[in-house]
Amino acid sequence: MKRLIFIVFVIWAVSSGSAAAQNLLVAWTPLENVQWTLELVATDAQPAAQVEGTLVTTSESRNYKLLSYPVPDRQQRLELIKRLQAKDEVLFVERDQPVETQSSIPEYFLDLGLNDFSLAPTDCSLAPIAIIDTGVDSAHPDLNRQSLEFRPDINIIESTTSSQDDDGHGTHIAGLIAGTINEQQKTAGLCDQAVILSIKSLDGRGTGSTTSLVQGIEAALDAGVKIINASLVTGDSPSLRFTIEDANQEGVLVVAAAGNNGRSLDIQPAYPASYTRDLPLVLAIANANSNRKLNLDSNYGLRTVDLAAPGTSLKSTWLNQEYRFLTGTSMATPLVAATLAALATQEPSLPPEALKAIVLNSLEHEEALLGELRYPGILDVRQALTGSLDELARATWFNYQLNELDREISLSGYLLDEVDQVEYQYFDEALTLQSLDANLQAGNLSLDLPGALRRGQLLMQTASGRELQPIPINLAPQPLANLKVAWEGENILLTWEPSKQPEKVEIQRRSSASTNWEVIAEVDPQSGEYLDEQVEIDQLDFRVRTSYIARETATSDLQTYVSEWQELSLDHPERLEGVPLQMPGIAVNQPFQLDLKSLANYWGLWEIEDQASNFVTLTDGLLIIEADQPVAPYRLDLRMERGSEDGDQRIQQYRFQVVESLSETREIIWEGLRVRVTREEGDGQAWWVYPVYATRNGQTYESISILTEDEAALEGIWTFEFFGHSGINLNGFSARQDKALDSWEPVNLDFLGTTSAQWILTSSDTQLWSRPAGEKRQLLINPSVTLRSSSVQVDCYIASSLYGAQSGQVEVLRDFRNKALATHPPGRWLIRQYYRYSPAIAEWMDDKPRLEAVTRWWLDRLVAFWSWFK
């Protein structure tokens with residue numbers, strides 16, 4: 001029965017976008033030849049039938065009778081048209097087409113609450129707007145008028161006094177802000193009077209650099225603008241962050257496009273939009289379509305993207321006196337910038353924080369945007385400009401940071417000192433909605449959230465009784481502290497610090513000869529230990545995660561939440577200590593060597609997908625991989641003995657690929673996080689990077705090793721970026737000369753953001769790297785990373801990369817996995833394949849927005865189906 005329902009669901013999903021049924025209009029002549037009943041032939045979808053005609057015209061002066069026939073099926077409709085056109089008594093036959101009113105105003109004006117031009121803001125002139133873009137064609141007829149002032153142009157790209165647009169993007173944005181009312185073209189800007197500073201920081205291809213962007217922002221600040229429109233996206237950088245911090249300190253609002261990759265900025269940030277999490281005067285804008293939902297290509301983020309504005313198929317000014325339709329967050333951003341300029345002109349005494357609060361408090365809330373935006377609503381220009389200031393310019397939160405360890409929440413916003421009542425709303429263990437009173441002092445809120453108080457929402461109210469936008473708090477199940485594994489006689493003992501916050505600890509074990517994990521126990525986290533008595537010598541790999549069950553405050557649905565996996569292995573004498581768990585890429589004609597001589601009591605047999613390889617050798621404990629042409633990905637198996645060749649054995653697997661040449665970027669999985677390592681302005685031969693696990697004095701060190709045959713290859717600028725978790729804080733790095741040493745030396749880093757940093761490594765730092773074998777150079781670095789506020793696994797799976805790790809869609813898909821797939825062998829096999837291949841697929845899809853949009857469309861339907869079915 002379930003399969004039948006699923007098939008019906010798939011058919012519905014495929015056909016859901018089909019056109020509605022149409023009527024046919026048929027003119028019969030002479031009058032005595034009218035056929036009131038027509039036969040419809042059978043098709044694949046419909047049986048044969050008869051349809052009755054309805055008289056449309058009653059005028060006796062006509063020489064024909066016009067009848068309307070309802071024909072619901074497209075195939076029947078086409079066949080009937082063909083048959084009727086062959087009849088002599090049919091004067092004509094046509095489809096009954098829809099008719100709609102035509103407005104002279106742009107269609108998106110209606111989405112902004114503006115049903116005629118008189119409701120649009122007319123004066124934005126007291127708040128100059130800087131458009132940092134490709135320049136502006138200010139000679140366009142719709143941009144060339146007295147009420148629109150263009151300040152002296154600034155051209156960062158060419159260092160000239162003209163910022164003439166040679167791409168069109170900047171001109172399109174200028175038209176959305178202040179284009180003349182053009183009823184013929186149905187285009188108009190929101191502002192009739194405005195002051196615009198055109199800063200050309202992007203070239204004719206729509207590209208620029210950190211330098212040109214920073215210089216453009218500084219030029220805008222020097223010119224005294226009040227608002228910066230940044231319809232662009234780049235990576236994080238210290239210079240950009242400091243420049244935008246300067247803008248905030250000067251009271252300049254920065255309105256930034258969220259980007260058009262269809263991804264969550266909570267997981268994969270994009271700048272300057274992602275600065276809104278830290279800086280109070282930055283707004284990140286998503287793109288809403290005419291259905292009041294986010295465009296499939298629009299980026300989103302519950303913690304990062306503030307609001308949405310219309311940005312789909314907006315028509316505006318273009319080069320050469322032309323007009324063009326464009327779609328993107330770039331188009332939504334100037335509508336917010338123009339609204340802020342109109343507010344600043346209308347209420348010049350209000351601080352910029354109040355202007356931001358007004359925009360947020362005037363949004364038209366949409367239920368479809370819940371979980372996708374920080375403020376789930378769409379820009380409402382009319383409400384922002386005509387609503388009561390007492391209602392709109394009120395206490396509003398902009399950002400919050402959650403410290404899970406100390407159970408503290410730090411808030412920032414506008415007039416938060418007026419908040420005198422704070423309440424944490426949650427479901428208790430009896431699944432009854434409860435509330436906990438709290439105090440907000442100097443923007444800091446302390447809450448003791450044990451047990452059931454781990455998911456809920458923060459409700460705040462001012463002395464006058466006004467309620468602030470609720471803040472959803474999602475506490476992740478805490479990983480186990482001081483988790484260790486050791487031999488206990490012939491058994492294995494796992495220990496950890498007893499914990500009260502999660503409800504359950506799930507322990508899995510994997511044979512070293514297998515890729516499958518087996519659940520061996522579910523225990524109380526307060527026990528602090530688990531003794532594994534059913535173990536063989538090759539079963540040395542374990543992973544552990546915690547979980548709890550809670551009810552969602554918004555939906556009252558019961559959900560299971562899990563922590564990320566904590567993986568660990570037994571400190572076994574024959575374990576390949578220091579050997580990579582993931583083989584690097586191997587370049588053609590660049591031999592790769594790995595020293596295994598330090599291992600005691602070993603013998604080795606290398607197998608590559610059950611075929612002998614003529615370019616992999618193991619001689620006297622030295623592994624050599626040398627290929628003269630690229631090869632497909634191979635698996636390498638090393639078989640290790642315990643005691644003798646006839647004794648217990650274990651197999652450690654590696655995957656590698658021989659490539660034409662090695663790029664300057666490598667990626668590995670470290671502690672469940674994806675780490676991208678880039679060497680910039682480096683020199684020398686090839687280098688490799690992989691995680692290293694070393695145990696000394698009962699403590700396991702996890703570090704990242706960079707290996708090369710050329711000492712010069714270690715010099716340069718190294719960039720480290722961490723992905724795969726919605727709340728990564730990169731705290732620092734340390735390095736050591738040799739993996740046998742316990743001491744780590746701090747490394748001075750240039751932090752680019754919360755998830756990335758740069759390290760300039762020169763020959764003066766040679767004491768940091770060791771020589772593990774022969775001419776090899778090895779650099780060991782130890783990152784200090786904190787994971788904050790996440791309730792999901794850290795693996796970068798497809799659904800998490802499309803929706804965001806904390807989204808409701810991902811939770812529904814997990815429920816589908818647990819209840820529909822995990823209950824039978826084929827489903828469990830499908831789950832294993834998904835977790836095996838999906839991280840690589842998600843990464844491959846990252847720069848393919850159309851493919852991501854199509855995948856998200858299908859997953860939306862699966863989410864809708866399972867939500868209904870269960």
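**Exercise 1.** Which residues form a negative surface patch in this predicted model?

*Solution.* The patch is made up of Glu218, Asp222, Asp246 and Glu250. To place one of these residues, look for Asp222 in helix α5, which covers residues 210-222. Next, consider its accessibility: a residue is called exposed when its relative accessible area is over 50%, and because Asp222 has a relative accessibility of 70%, Asp222 counts as exposed.

**Exercise 2.** Work out whether helix α4 (residues 169-178) is enclosed by the rest of the structure or not.

*Solution.* Begin with the cut-off, under which a residue is buried if its relative accessible area is under 20%. Then go through the helix, where the buried residues include His169, Gly170, Ile173 and Leu176. Since ten of the ten residues of α4 are buried, the helix is largely enclosed by the rest of the structure.

**Exercise 3.** Find the strands that stand at the edges of the open sheet β43-β44-β47-β51-β50.

*Solution.* The sheet consists of five strands in the order just given, and their pairing is antiparallel. At the edges stand β43 (665-670) and β50 (750-751), each of which has a single partner strand, so one side of each is left without a neighbour in the sheet. For β50, two bridges join this strand to the antiparallel strand β51 (residues 756-761), and Phe751 has Ala757 in β51 as its bridge partner.

**Exercise 4.** Describe the pairing of strand β29 (residues 504-510).

*Solution.* First, β29 is mostly covered, with five of its seven residues buried. Seven bridges then join β29 to the antiparallel strand β32 (residues 541-551), where Arg543 stands opposite Gln508. Finally, β29 also pairs in the antiparallel sense with β30 (residues 518-523) over five bridges, and there Val523 is the bridge partner of Val505.

Note on methods:
Residues numbered from 1 in each chain as written. Predicted model: local features only at pLDDT ≥ 70, side-chain atom pairs only at ≥ 80, totals over all residues. Heavy atoms only, no water. Patch = residues over 30% accessible without salt bridge, like charges linked within 9 Å, V, L, I, M, F, W, Y side chains within 5 Å. Areas by Shrake-Rupley, 256 points an atom, 1.4 Å probe, with all protein chains shown as cover. Salt bridge = Lys/Arg side-chain N within 4 Å of Asp/Glu carboxyl O. Lys, Arg positive; Asp, Glu negative; His and termini not counted. Charge placed at Lys NZ, Arg CZ, Asp CG, Glu CD. Helix = DSSP H or I, 4+ residues; strand = E, 2+ residues; numbered from the N terminus. Buried < 20%, exposed > 50% of the residue type's maximum accessible area, 1.4 Å probe, protein only. Pairing = 2+ DSSP bridges.
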